[in-house]
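Dear colleague,

Please find the structure below, handed over for your use. My findings follow it.

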Amino acid sequence: MKNTKSHKTEHPPPAPVILRLINGQRKFPLHNFIFSAAFFAFGLLSGLGVGLYLSNISFTFQLSQFSISKSAAAGASPVLAVQQSTGPWHEMDDGELMWRASMVPRVSEFPFRRVPKVAFMFLTVGPLPLAPLWELFFRGGDEGLYTIYIHSLPSYVNATSDFAADSVFYGRRIPSKGKSTMVAAERRLLANALLDFSNERFILLSESCIPLYNFTTIYTHLITSTKSHVEVFDQLGPVGRGRYSPAMQPTIKPAHWRKGSQWFEMDRRLAVQVVSDRTYFPLFERLCNGSCYGDEHYLPTMVNARFGGWNSNRTLTWAEWSVRGPHPRSFWRPDVTVGFLEGLRDGGRMCGEYGRNVGGAAGGGIGVHYYHNVTGGGDGGSSSSVCFLFARKFRPHSLSRLLRFAPGVMQF
């Protein structure tokens with residue numbers, strides 16, 4: 001019997017896919033494979049990087065605004081230390097700025113020892129001619145109790161060079177990258193100041209404002225106040241109720257419409273509401289123009305409609321409204337005397353007799369809006385002799401006399 005062998009065709013083992021690709025069995029050139037692999041790796045790394053960036057972006061800016069340092073003493077509480085070296089400058093537009101400023105911690109306890117500060121916000125056309133007087137004022141206060149912000153017109157050419165490096169105003173101008181209306185500028189100042197968690201009170205001042213008291217007195221009155229100070233009154237005639245547009249209904253009704261000075265002072269909770277506003281501000285931007293001035297109606301109307309219980313309905317900045325016309329009286333060098341300045345500080349008399357003409361010359365309305373004393377160091381208790389903390393409109397030529405009389409009269 002013949003032994004027969006079964007002959008089988010021997011086949012080599014299949015080559016790995018990668019080798020087949022390399023050898024061209026799939027008609028896939030080597031250089032295409034290398035390019036595809038590199039592109040895949042790049043995409044993977046980029047995706048991971050973007051993911052990590054987005055997960056941390058909500059904290060990056062806030063952390064850059066402050067650092068927590070511990071005292072050398074054993075057991076001392078952490079203290080919030082604002083990085084003054086960086087200043088208030090940033091690259092955010094108004095949309096991102098308002099969003100960040102509107103953030104409110106849900107936990108009421110701070111993880112550091114928070115010392116409340118007053119934010120002095122200067123809204124100017126250009127320079128700050130009374131800066132030497134304010135330098136003298138701030139020199140009498142603890143730099144840890146205040147912050148300074150300046151908003152000037154974007155066209156102001158000396159915005160970065162008009163203060164010496166040792167000035168309290170140096171590097172304190174904020175960027176202006178949005179609408180150029182007065183109301184937009186006010187909200188922009190508030191938003192920048194809100195980024196500092198230690199700012200508790202916010203005062204808006206013009207380049208013609210002066211302080212009537214020393215820093216300690218003003219700081220104490222503001223920090224102990226239980227109310228905000230936004231002037232609110234109902235004015236008859238074409239420059240009051242006559243500026244109301246029926247197109248604002250139903251959001252703003254005629255009963256809500258109010259007028260007041262733009263030079264406000266407010267606490268943090270109201271400031272957050274102002275920068276968070278997406279109802280009244282767009283309406284005013286669209287419908288309050290021409291003979292309607294948003295800076296005289298926006299805040300008084302919104303506060304009257306929604307936050308009346310938080311407000312004292314008065315301003316802390318004095319102005320002389322006895323003159324006929326849309327603007328208060330200006331004061332020049334001969335007007336500044338010891339007796340004049342002492343009269344501004346005489347709160348008991350001024351609060352009883354000072355009244356803003358809310359009718360008359362400019363608008364045909366009638367009536368006078370009177371103020372009453374600030375109480376309880378700021379609004380909540382026994383009477384105080386202090387009525388106004390600031391005054392305007394002082395011309396640059398009055399500076400020499402203000403500097404001469406300030407140490408004796410204002411006590412700074």
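In which hand of crossing does helix 8 pass helix 9? The crossing is right-handed; by definition, the near helix is then turned clockwise from the far one by less than a right angle, whereas anticlockwise would make a crossing left-handed. Helices (H or I, at least four residues) and strands (E, at least two residues) are DSSP runs, numbered from the N terminus.

Before the details, a note on the source. This is a predicted model, in which local features need pLDDT of at least 70 and side-chain atom pairs count only at pLDDT 80 or more, while totals for chains, interfaces and linings use all residues. Residues are numbered from 1 along each chain as its sequence is written, and side-chain values use heavy atoms, with hydrogens and water left out.

Confidence

The chain has a mean pLDDT (the predictor's confidence in each residue, from 0 to 100) of 78, and 68% of its residues reach 70 or more. Residues 1–12 stay under 50 throughout, and the model has zero contacts for them beyond four places in sequence. Contact here means heavy atoms within 4.5 Å. Residues 357–378 are also below 50 in pLDDT, yet this stretch has 78 contacts in the model beyond near neighbours in sequence. Where pLDDT is low, the predicted coordinates should not be read in detail.

Helix packing

Two packed helices are described by the angle between their axes and the distance between the axes. Axes are lines fitted to C-alpha atoms, for helices over the stretch in contact, and angles run from 0 to 180 degrees between N-to-C directions.

For helix 8 (residues 280–287) and helix 9, the axes come within 11 Å and cross at roughly 145°. On the side of helix 8, Tyr280, Phe281 and Phe284 take part, and they meet Gly294, His297, Tyr298, Thr301, Met302, Ala305 and Arg306 in helix 9. By class, this contact has six nonpolar, three polar and one charged residues. In this scheme Ala, Val, Leu, Ile, Met, Phe, Trp, Tyr, Cys and Pro count as nonpolar, Asp, Glu, Lys and Arg as charged, and the others, Gly among them, as polar.

Helix 9 (residues 294–306) also packs with helix 7, at an angle of about 110° and with the axes 12 Å apart. Helix 7 is therefore roughly perpendicular to helix 9, the classes being roughly parallel under 35 degrees, roughly antiparallel over 145, roughly perpendicular from 65 to 115 and oblique for the rest. This crossing is right-handed. Helix 7 contributes Leu270, Gln273 and Val274, and helix 9 contributes Tyr298, Leu299, Met302, Val303 and Arg306. The contact of helix 7 with helix 9 comprises six nonpolar, one polar and one charged residues.

Helix 7 (residues 268–276) packs against helix 5 (residues 182–194) as well, at about 125° with their axes 9 Å apart. That angle makes helix 5 oblique to helix 7. The crossing of helix 5 and helix 7 is left-handed. Arg187, Leu190, Ala191 and Leu194 in helix 5 meet Arg268, Ala271, Val272, Val274 and Val275 in helix 7. Their contact has seven nonpolar, no polar and two charged residues.

Sheets

Strands pair if DSSP finds at least two bridges between them. One open sheet has four strands in the order 4-3-5-7, with mixed pairing. Its edge strands are strand 4 (146–151) and strand 7, each pairing on one side only. Direction ignored, neighbouring strands of this sheet are turned by 20° against each other on average. Strand 3 (residues 117–123) runs parallel to strand 4 and is joined to it by six bridges; the bridge partner of Phe122 in strand 4 is Ile150. Helix 6 lies across strand 3, strand 4, strand 5 (199–206) and strand 7, at about 105° to strand 3.

A further open sheet has three strands in the order 6-11-8, again with mixed pairing. Strand 6 (210–211) and strand 8 (317–318) are its edges. Strand 6 and strand 11 (residues 390–391) run antiparallel and share two bridges, with Ala391 as the bridge partner of Ile210.

Backbone points to check

Most residues other than glycine have a negative phi, and most peptide bonds are trans.

- Gln249 and Pro250 are joined by a cis peptide bond, with omega about 5°; Pro250 lies in the loop between helix 6 (215–223) and strand 7 (265–267).
- Arg392 and Lys393 are joined by a cis peptide bond, with omega about 5°; Lys393 is in the loop between strand 11 and helix 12 (399–409).
- Asn313, not a glycine, has a positive phi of about 65° and lies in the loop between helix 9 and strand 8.

With kind regards
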